[in-house]
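Visitor: I have a model open and would like to go through its features with you. Could we take them topic by topic?

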Amino acid sequence: QVQLVESGGGLVQAGGSLRLSCVASGRILSINDMGWYRQASGKQRELVAEITRGGATNYADSVKGRFTISRDNAKNTVYLQMNSPKPEDTAVYYCNADIRSWWAPETDYWGQGTRVTVSS
């Protein structure tokens, strides 16, 4: 069974910083793209940032220049460094990964989410 577990969420002041982590565990053969999504109250889930296995990145326009996504392939971990967060970044943040396991072809997995609240 494959699991994604996020950590690092919480309350942060606007202009501060916060780092989210997400670890994939289980009988994993390989992990392709990994990413972070978020869902604010009353809104649809949206892409924040994504990163390929080779390190190519893509960001939502709203977070470019403030957030940085990175990954450690040896640790099956993806990070989201949130610098200068704004109140509008308040949301539940979800980790996502395309994972090939011993018993399944590449499948899209989601974490349970970690809440980030940015105070003004």
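Guide: The conversation below covers the core, the strands, the cavity and several single residues of this model, which is predicted.

Visitor: Let us begin with the interior. Which residues touch the most other members of the largest nonpolar core?

Guide: Trp36, Leu80, Tyr93 and Ile99 do, within a core of 30 residues. The elements that each give two or more residues to this core are strands S3 (17–25), S4, S5 (46–51), S7, S8 (77–83), S9 (91–101) and S11 (114–119).

Visitor: Where does the largest share of this core come from?

Guide: S9 supplies the largest share, with 5 residues. As background, nonpolar side chains tend to be buried together in soluble globular proteins.

Visitor: Take leucine 80, then. What does it touch beyond its sequence neighbours?

Guide: Setting aside residues up to four places away in sequence, leucine 80 touches Leu18, Arg19, Leu20, Trp36, Val48, Ala49, Phe67, Thr68, Ile69 and Tyr93.

Visitor: Now the strands. Which side chains of S1 point to which face?

Guide: In strand S1, residues 3–7, the side chains alternate. Leu4 and Glu6 point to one face and are buried, whereas Gln3, Val5 and Ser7 point to the other face and are not buried.

Visitor: Does S1 pair with S3 in the parallel or the antiparallel sense, and over how many bridges?

Guide: The pairing of S1 and S3 is antiparallel, with 5 bridges. Within it, serine 7 has serine 21 of S3 as its bridge partner.

Visitor: And just after that strand, where does glycine 8 sit?

Guide: Glycine 8 is in the loop between S1 and strand S2 (10–13). Its relative accessible area is 34%, so it counts as partly exposed. Apart from residues up to four places away in sequence, glycine 8 touches Leu18, Arg19 and Leu20. From glycine 8 to cysteine 22 the C-alpha separation is 8.8 Å, with the two lying 14 residues apart in sequence.

Visitor: Back to S9. How many residues lie between S9 and S10 in their hairpin?

Guide: There are 5 residues between them. S9 and strand S10, residues 107–110, run antiparallel and are joined by 4 bridges. Alanine 97 stands opposite tyrosine 109 in S10.

Visitor: Changing topic: how many cavities of 30 Å³ or more does the structure hold?

Guide: The structure holds 1 such cavity. The largest cavity contains about 30 Å³ of space.

Visitor: What lines the largest cavity?

Guide: Its lining is made of Ile31, Met34, Arg53, Arg71, Asp72, Asn73, Asn76 and Thr77. Strand S4 (28–39) and strand S7 (67–72) are the elements that give two or more residues to that lining. By class, the lining divides into 2 nonpolar, 3 polar and 3 charged residues.

Visitor: Asparagine 76 is in that list. What is its phi?

Guide: Phi of asparagine 76 is near 50°, a positive value in a residue other than glycine. For context, most residues other than glycine have a negative phi. Asparagine 76 lies in the loop between S7 and S8, and it counts as partly exposed because its relative accessibility is 24%.

Visitor: And serine 84: what is the value of phi there?

Guide: Serine 84 likewise has a positive phi, near 50°. The loop between S8 and S9 contains serine 84. With a relative accessibility of 38%, serine 84 counts as partly exposed.

Visitor: One more pair of residues. How far apart are the C-alpha atoms of glutamine 39 and valine 92?

Guide: They are separated by 5.3 Å, although they are 53 residues apart along the chain. Glutamine 39 belongs to strand S4 and is partly exposed, at 28% relative accessible area. Neighbours within four places in sequence aside, glutamine 39 is in contact with Gln44, Arg45, Ala91, Val92 and Tyr94.

Visitor: And which residues is leucine 47 in contact with?

Guide: Leaving out neighbours within four places in sequence, leucine 47 is in contact with Trp36, Tyr37, Asn58 and Ala60. Leucine 47 lies in strand S5, and its relative accessible area of 25% makes it partly exposed. Leucine 47 and asparagine 96 are 49 residues apart in sequence, with 9.9 Å between their C-alpha atoms.

Terms used
Residues numbered from 1 in each chain as written. Predicted model: local features only at pLDDT ≥ 70, side-chain atom pairs only at ≥ 80, totals over all residues. Heavy atoms only, no water. 1 Å grid on protein atoms, 1.4 Å probe; cavity = no way out; pocket = protein on both sides within 12 Å on 5 of 7 lines; lining within 4 Å. Points joined across faces, edges and corners; volume = space filled by probe spheres on them. Nonpolar A, V, L, I, M, F, W, Y, C, P; charged D, E, K, R; others polar. Core = buried A, V, L, I, M, F, W, Y, C linked by side-chain atoms within 4.5 Å. Buried < 20%, exposed > 50% of the residue type's maximum accessible area, 1.4 Å probe, protein only. Contact = heavy atoms within 4.5 Å. Pairing = 2+ DSSP bridges.
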